Number of protein chains: 4
Amino acid sequence: MGKGRVEAFTDGVVAIIITIMVLDLKVPEGEDFSALLPQWPVFLCYVLSFINVGIYWNNLHNMFHTVQRVDGRVLWANLHLLFWLSLMPVTTAFMGENHFAAVPVAVYGFDLVMCATAYSILVIALHRQHGPDTAFAKAIGRDRKGRISLAVYIAAVGLTFLDRWIGVALYVAVALIWLVPDTRFARVIEK
Amino acid sequence: MGKGRVEAFTDGVVAIIITIMVLDLKVPEGEDFSALLPQWPVFLCYVLSFINVGIYWNNLHNMFHTVQRVDGRVLWANLHLLFWLSLMPVTTAFMGENHFAAVPVAVYGFDLVMCATAYSILVIALHRQHGPDTAFAKAIGRDRKGRISLAVYIAAVGLTFLDRWIGVALYVAVALIWLVPDTRFARVIEK
Amino acid sequence: MGKGRVEAFTDGVVAIIITIMVLDLKVPEGEDFSALLPQWPVFLCYVLSFINVGIYWNNLHNMFHTVQRVDGRVLWANLHLLFWLSLMPVTTAFMGENHFAAVPVAVYGFDLVMCATAYSILVIALHRQHGPDTAFAKAIGRDRKGRISLAVYIAAVGLTFLDRWIGVALYVAVALIWLVPDTRFARVIEK
Amino acid sequence: MGKGRVEAFTDGVVAIIITIMVLDLKVPEGEDFSALLPQWPVFLCYVLSFINVGIYWNNLHNMFHTVQRVDGRVLWANLHLLFWLSLMPVTTAFMGENHFAAVPVAVYGFDLVMCATAYSILVIALHRQHGPDTAFAKAIGRDRKGRISLAVYIAAVGLTFLDRWIGVALYVAVALIWLVPDTRFARVIEK
């Protein structure tokens, strides 16, 4: 089965997810600057989720680039990842509208955990189809960064109930690791 | 007429349908776990519909793969299928928000019946254009699985008024037949 | 300038328009059949608009098929058509939610007039770029059907204030001319 | 890295943004012409934003046409531009629903400033990757029009607090410079 349509469909879904989040940015009521103030937590959440979804698209882009073909298992692993990504607009709004309260922050983190898990499953499904000596296997390596992200997300969800800002800080930290891949910080983690 | 743009357009519409459903997942009001509780029926419906739409995309993907060209009749048969699929977000929300009450469950089932009917019409239109000895005709076979699904859906809508959970159980059962195509259960049904 | 991306962008916008209309189908409040009743005018409008947008997509599909390249003028003529098409979800909902009252029916018709006008402008822009002896010019002919549709739409908007059902009937009639292109009725009009 | 998927993803996001704005055109309440009246500022804003987003799509289309490949830096510069474009539906609605009050007009202008800045950053990132002697570098030239637009937008935001209509007029003026590139006015500015 060709990979072209899977890529196109994935691009479509991710493009919609990343744009739909803006619908949760309610039009401010009132016409002066004070009307914008209650919007800032939602806006910050939107920025964070935009970057997170952008990272996933970037990674999927690079990953499928080295892939030759997809089977039914890969297709559903990919749909599974898209499922958890498609929940991002609603978990983002839940966290933003409640001004980073503990439970919404944990729910947002749970969604990140499930996205990272689904991503790992997709990597495994592609590994199984392509074998150890292919361009795909070499490019993805041991996916250390992916597994570290997953571990940090799980820790973050738990630590949220200690202090919710630890959770938020860890979500931002993981985003930065992927966003700034050439800095020394990211390289150290990679090693 | 080339099939490329029909595939691209179909992918686009399906990608939007599958993502738009999340808009019916209202952002929970309140910031503790009890705020999430009233959302679970909507969430379960979302999961079911995500899988159903995913199955249709998967099937359309495979079917158009063996097709060489499309005529006006196929194009409208495809749009007809997309029409009933595009109603899935609203029938899903109707079922979820009413916590699986009988009429909404039947309405959801009616939409599934119409999707399955539209899919059969599309298969017939492609058969008519391609003839019996083509790759398409061999791949689709007698479309037994499609016709069984349609029959089960019709029965499910009727049985909903006896016990609504029979309807829901049958919808889930059909989804599993398509989702897990390699299990013995599915093979038995195929035979 | 290549036509590929213009086609892809057009497909994307049309796919979104056709799917977004469903968002105006409010989830019925209540859980029995009587809850569905107030929805029927909106539903019928949705069916009509789905077919109308489907016809435009079909025509754009066929038209761009015979086109070799596009210039800036064509690009903006195409965006102009997409603009009026993108208003279809809101004019559709306006007509449906007011149960086919005269003014909303006329507003819907005005949108159809503008779509048909924009389509004619696009045809002219492509004519100008391609010249009279190209495949495009031969395929589109004198665009009699397009011009008849435009005339009927203009008449329909006016007649709506006499009897709103005349307007609705004429909108449906034009849709049928395009939808059933092989019937004798359509052929007679073509002649 | 190939540019095909970046183009497709960009087209998808822009198509969604341009269509999603219509969701902010609320269905008028009431069924006569007076119901349409309060909608006109929102409608005018929608027209302006449709043209602005159309211009960006047009420019991205032409720019990527001369580009051979993209790196991670370009990819994120592009996502950064899409981020500010994705805020256009909400800033448009904010300006329209407040009938062009000063602060919303300034906020809309701020979004335009950020879009123009992001566009310049994207141009710089592509310059850096392609070098001075490529088709891209020759086509984009010194991007005078882009830098003039940015300067006018910044001035417009400031002047809005003097008189909000100056801001609006300058937004419209910049749109016209790009929309009507063949008029003498645009040529003079180019020179």
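Visitor: Is Ala169(D) buried, partly exposed or exposed?

Guide: In this predicted model, Ala169(D) has a relative accessible area of 45% and is partly exposed. The value lies between the limits of 20% and 50%, and therefore neither "buried" nor "exposed" applies.

Visitor: In which element does Ala169(D) lie?

Guide: Ala169(D) belongs to helix α8 of chain D, which covers residues 164-179. A separation along the chain may also be set beside a separation in space. Ala169(D) and Ser149(D) are 20 residues apart in sequence, and their C-alpha atoms are 13 Å apart.

Visitor: How should one read the interface between chain A and chain D? What is the area buried there?

Guide: The size of an interface is often given as the accessible area lost when the parts come together. Between chain A and chain D, about 2,700 Å² is buried, and carbon and sulfur atoms give 77% of that area. In terms of residues, 33 from chain A are in contact with 29 from chain D.

Visitor: How many salt bridges and how many polar contacts are counted between the two chains?

Guide: There are 2 salt bridges between chain A and chain D. One of them joins the side chains of Asp11(A) and Arg5(D), with a distance of 2.4 Å from N to O. For polar contacts, the count between chain A and chain D is 3 residue pairs, with both residues at pLDDT 80 or more.

Visitor: Which elements of chain A give two or more residues to the side that touches chain D?

Guide: They are α1 (4-20) and α2 (40-65) of chain A. The largest share, 14 residues, comes from α2(A). Sorted by class, this side of chain A has 21 nonpolar, 7 polar and 5 charged residues.

Visitor: Let us turn to the arrangement of the copies. What rotation superposes chain D on chain C?

Guide: A rotation of 90° does so, with 0.0 Å of shift along its axis and an RMSD of 0.0 Å. That is the relation of a four-fold axis. The copies use different surfaces, as 6% of the contact residues of chain D recur in chain C.

Visitor: Which residue of chain D comes closest to the rotation axis?

Guide: It is Gly12(D), whose C-alpha is 4.5 Å from the axis.

Visitor: Where do chains fail to touch, and how far apart are their nearest C-alpha atoms?

Guide: Chain A and chain C do not touch, and their nearest C-alpha atoms are 9 Å apart. Likewise, no contact joins chain B and chain D, with 9 Å between their closest C-alpha atoms.

Key
Residues are numbered from 1 along each chain as its sequence is written. Chains are lettered from A and ligands numbered from 1 in the order in which they are written. This is a predicted model: local features need pLDDT of at least 70, side-chain atom pairs count only at pLDDT 80 or more; totals for chains, interfaces and linings use all residues. Side-chain values use heavy atoms; hydrogens and water are left out. Contact means heavy atoms within 4.5 Å. Buried area is the accessible area (1.4 Å probe) that two parts lose on being put together, summed over both. A salt bridge is a side-chain nitrogen of Lys or Arg within 4 Å of a carboxyl oxygen of Asp or Glu. A polar contact is a pair of N or O atoms within 3.5 Å; within protein, one must be able to donate a hydrogen and the other to accept it, and residues adjacent in sequence count only if both atoms are side-chain atoms. Helices (H or I, at least four residues) and strands (E, at least two) are DSSP runs, numbered from the N terminus. Ala, Val, Leu, Ile, Met, Phe, Trp, Tyr, Cys and Pro count as nonpolar, Asp, Glu, Lys and Arg as charged, and the others, Gly among them, as polar. Copies are superposed by least squares on the C-alpha atoms of residues with pLDDT of at least 70 in both. Buried means under 20% relative accessible area, exposed over 50%, partly exposed in between (1.4 Å probe, protein chains only).
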